[in-house]
Amino acid sequence: MSVAGRLGSISTRMLIILALAFAFIILMVYWVVETQGKPRILEMTSETVVETGNEVINSIMASISHVDGLAKATSTMAGGLPKQEALYRETFGNLMQQTDQRIVGGGVWFDPNMYAPGRERQSFVWARDESGNMQSVERYNQVSQTPNAYYRDWWYIPAMYARHDHCVWSRAYVDPVSNQPMMTCAKALYNSRNQAFDGVVTFNLLLDNLDAAMKKWQEKIGGYVFLVDLDNRFLTFPDQSIVTQVTDSNPQGEMITAHQLAETNPTFAPIADSLDTINQTLLDEAVAKDEGRYDLAARSILSTTNVGKISEQESKLLSALLLLNLDQTFNLVDSHLVDTITVPNDFVLQQPATAFVFRMPFTYWKMVIVKPNSDMMSVANALSNQLIRAMLLGFIPILLLTAWVFRRYFTRPLKRMAQAVADMGVLIEQKQYQKLSAHKLPKSSVSEIQVISEQTNQLIDRIVENEGALAEINVHLEKQVVARTQDLQQAMDELKASQVHLVRSEKMATLGQMVAGVAHEVNTPLGYVRSNMELVGDNLTRFDELITHTEQLLQALKAPDADQEQVAELIDQTLQCCEEIKEDEVSEDLADLIKDGLYGVDQIAELVVSLRDFSRIDESKIKDIDINDCVNTSLVMARNNLKSLDVTTTLAELPLIQCNPSQINQVLLNLFNNAAQAMAPDRKGELHIISSVDEAQKHVVVRVIDNGVGIEESTLTRIFEPFFTTKKAGDGTGLGLAITTQIIEQHGGRIEASSIVGEGTTFTIALPIQSTARENKPSQALFES
């Protein structure tokens, strides 16, 4: 069975329909998953990331709160102790010894004159040595070792201006001993007796466990996680070397800001911009709350710290933090997410990702979770793939079961019915109607097929019953068809005769116009040729007179007895006649008259040649000609009709083409006469003929352009129809342009018309340079001559 036959099977088509329906269902499921499921799963994944981020923030805040509480307790204790060095060393020494390894140092830093009058520096400082043991440090009290006083340092001044019970956290820096990032918690110290500011309590927190914690959460979340401080300076990063730089002021190294990282890695810019925007929002909130206090604190922090220790931007951020922390609360339930950023190509992951930015209370540290989009969509993609795979596996047994049921109960009965109908078709084609009864369709258990069988069997009975009647009707119809065919043939012959008559009438009308013009053109030169001949005859009488005088003089001279006086008188008369002829310039007149006569004869000859060229009766029908010759010949023949027009030609050098010159002349003459008849009476008529070569389409093109009244759009679409004319009754047959169209089409060309009412009309003729159209294309019956 051929492919067409197999595809024509109803079972095959049903299976194809089922497969297409299932494919459509899969596409719908895929569309729902892509447009509804995946965005929702992405949203749920984002919510999971946000929840995890909040959990990370809460855990970090728990550690920060521990240090914050330690600083608060130490500040309270220090404020209530008497100003005794041994007591401070013992009390704080024991406290520092009890701290865990994350706290690598700290101390009590008294403001000048607050520990003892006249004493500028007095601090009790402890720091861990290389072995990790907490040791007392004395160098901060010695001016020679620390020329920059600690009470002007960038962590001391913000703590002095703070008016809340929380630490003021410094920027991140690198611990010179452990070479690990660390930060300082600074808490103001107030005298318990008079609540006066006495100094600052500090604890230095090592951030190495913070980096380990970030890596632990990173393994849980995916992507990578990092922290930045208030000034967007990195606290942690997957690769610490990327965010650490060595400067002259910090030879041990310092953490760079997010903006500095974006300068070297432009793909990080969206995250850096978001962090900068969050800080700007912090500044705007502080200005909105109390701009005066905010500006005063920012200027004070900037002016009282050591030169170069703090930037103007950092002073503003610290001022805003001090002002806003008065109203800060910490709630484990609140979400700390402040922004979600799309990263087209993350420089760490090297793929598109989404960044979630969280902000911590009190410190205004920011945590950023950067998760690749592929991870976020992996659940949705896996769900989509499993769903489609399950549907495909479930469809195969359904398709096979459907195929078996359909073949068993539908295809086989229908196939038997189709075979029976095919046998009936053969009998009907052979006109053996009586044998149809032996091929009636059997009964079927399928109700629909049984209905078809019953109706088909009834139809067979009717065919057999009406066989005789149909035969008689067919014979009668055949006779009627023969009669109608004869009538139609006769009507066709009469129509052709009428058409030939109309075509000849149109050709005779054109010939009449041409002959009238030629007669007028010939009559003019004939008139002045006749007049010149009469003047020549009159002048010739003068020469006859001279001949007479000359003969008389010769006879007198020959006579032997001639009278000399008579001879002298004859000589005078002859000379006088010569002088008169010479004075009257008779010879010159005769030459001019003969020249004019010859010019008139040439004009008549030109008209005769043009008439011969126009008719081409002495040449074959098809020949190689130059269309420019046809243009010039037709202009001569139409000269009488075009005498009131300003006729110009622009004729290019054209290749020869094969055509019937007489028919082309008839086309051009028809167009020229139509142009002359289309001129407005109140305007100087102009006719311009242009010939050119269309190299692209290999055609010779002739354009006939006039400035007549133009043709309306509704009329322009019908001007080439046979018998359509805008002239008065009796002035035209309406076949001129129709014959023109037929001639051009038989030459394998085309004719087009364009017009603007009131401006003029352009007819364009295009004829192929190499044409065999007339040999291959039969003539239309309407225009046979």
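1. Asp-423, a residue of helix α9, which spans residues 373–429, has a relative accessible area of 30% in this predicted model. That value falls between the limits of 20% for buried and 50% for exposed, so Asp-423 is described as partly exposed. Along the chain, Asp-423 and Leu-436 are 13 residues apart, and their C-alpha atoms are separated by 8.7 Å.

2. Two asparagines deserve a look for their backbone angles. Asn-113 has a phi near 70 degrees, which is a positive value in a residue other than glycine, and Asn-232 likewise has a positive phi, near 60 degrees. Asn-113 sits in the loop between β1 (103–110) and β2 (123–128), while Asn-232 sits in the loop between β8 (224–228) and β9 (234–236). Buried or partly exposed: which word fits Asn-113, and which fits Asn-232? Asn-113, at 45% relative accessibility, counts as partly exposed, whereas Asn-232, at 3%, counts as buried.

3. The cysteines can be taken next, and a reader new to the subject may recall that a disulfide is a covalent bond between the sulfur atoms of two cysteines. How many disulfides does a search of the whole structure find? The search finds one, and this disulfide joins Cys-167 to Cys-185, with an S to S distance of 1.7 Å. Cys-167 belongs to the loop between α4 (156–161) and β4 (168–169), and Cys-185 belongs to strand β6 (residues 181–190), so the bond ties together parts of the chain that are 18 residues apart in sequence. Both Cys-167 and Cys-185 are buried.

4. Other cysteines can be set beside that pair. Cys-578 has a relative accessibility of 34% and therefore counts as partly exposed. Cys-630 is in no disulfide, and the nearest cysteine sulfur, which belongs to Cys-659, is 5.5 Å away. Because a disulfide needs two cysteine sulfur atoms within 2.5 Å, that distance of 5.5 Å leaves Cys-630 without a partner. With a relative accessible area of 0%, Cys-630 is buried.

5. Cys-630 is also one of the buried residues of helix α14, a helix that covers residues 627–637 and is mostly covered, with nine of its 11 residues buried. The buried residues of α14 include Ile-627, Asn-628, Val-631, Thr-633 and Leu-635. At the start of α14, the side chain of Asp-626 brings an oxygen to within 3.0 Å of the backbone nitrogen of Asn-628.

6. Ile-627 appears again in the lining of the second largest cavity, together with Ile-664, Val-667, Leu-668, Val-700, Val-702, Ile-744, Ile-765 and Leu-767. The elements that give two or more residues to this lining are α15 (661–677), β19 (699–706) and β21 (760–768), and α15 gives the most, with three residues. This cavity has a volume of about 60 Å³. What classes of residue make up its lining? Nine residues are nonpolar, and there are no polar and no charged residues.

7. The search for cavities rests on a general idea: rolling a probe the size of a water molecule over the atoms shows where empty space is left. The count comes to four cavities of 30 Å³ or more, and the largest cavity holds about 90 Å³ of space. Its lining is made up of 13 residues, and those closest to the centre are Trp-169, Ser-170, Arg-171, Leu-230 and Asp-231. Helix α8 (residues 312–324) gives the largest share of this lining, four residues. By class, the lining of the largest cavity has seven nonpolar, two polar and four charged residues, whereas the lining of the second largest cavity has no charged residues.

8. The aromatic rings close this note, with a count of 26 aromatic pairs. In one of these pairs, the rings of Tyr-190 and Phe-197 have centres 6.1 Å apart and planes at 75 degrees, so the pair is edge-to-face. Tyr-190 is partly exposed at 25% relative accessibility, while Phe-197 is buried, with a relative accessible area of 16%. Phe-226 and Phe-234 form a tilted pair, with 5.5 Å from centre to centre and 50 degrees between the planes, and both of these phenylalanines are buried. Tyr-190 and Phe-197 also belong to one aromatic cluster, which further includes Trp-109, Tyr-140, Tyr-150, Tyr-151, Trp-155 and Tyr-156.

Methods:
Residues numbered from 1 in each chain as written. Predicted model: local features only at pLDDT ≥ 70, side-chain atom pairs only at ≥ 80, totals over all residues. Heavy atoms only, no water. 1 Å grid on protein atoms, 1.4 Å probe; cavity = no way out; pocket = protein on both sides within 12 Å on 5 of 7 lines; lining within 4 Å. Points joined across faces, edges and corners; volume = space filled by probe spheres on them. Nonpolar A, V, L, I, M, F, W, Y, C, P; charged D, E, K, R; others polar. Buried < 20%, exposed > 50% of the residue type's maximum accessible area, 1.4 Å probe, protein only. Polar contact = N/O pair within 3.5 Å; in protein donor to acceptor, adjacent residues only side chain to side chain. Phe/Tyr/Trp six-rings, centres within 6.5 Å; stacked < 30°, edge-to-face > 60°.
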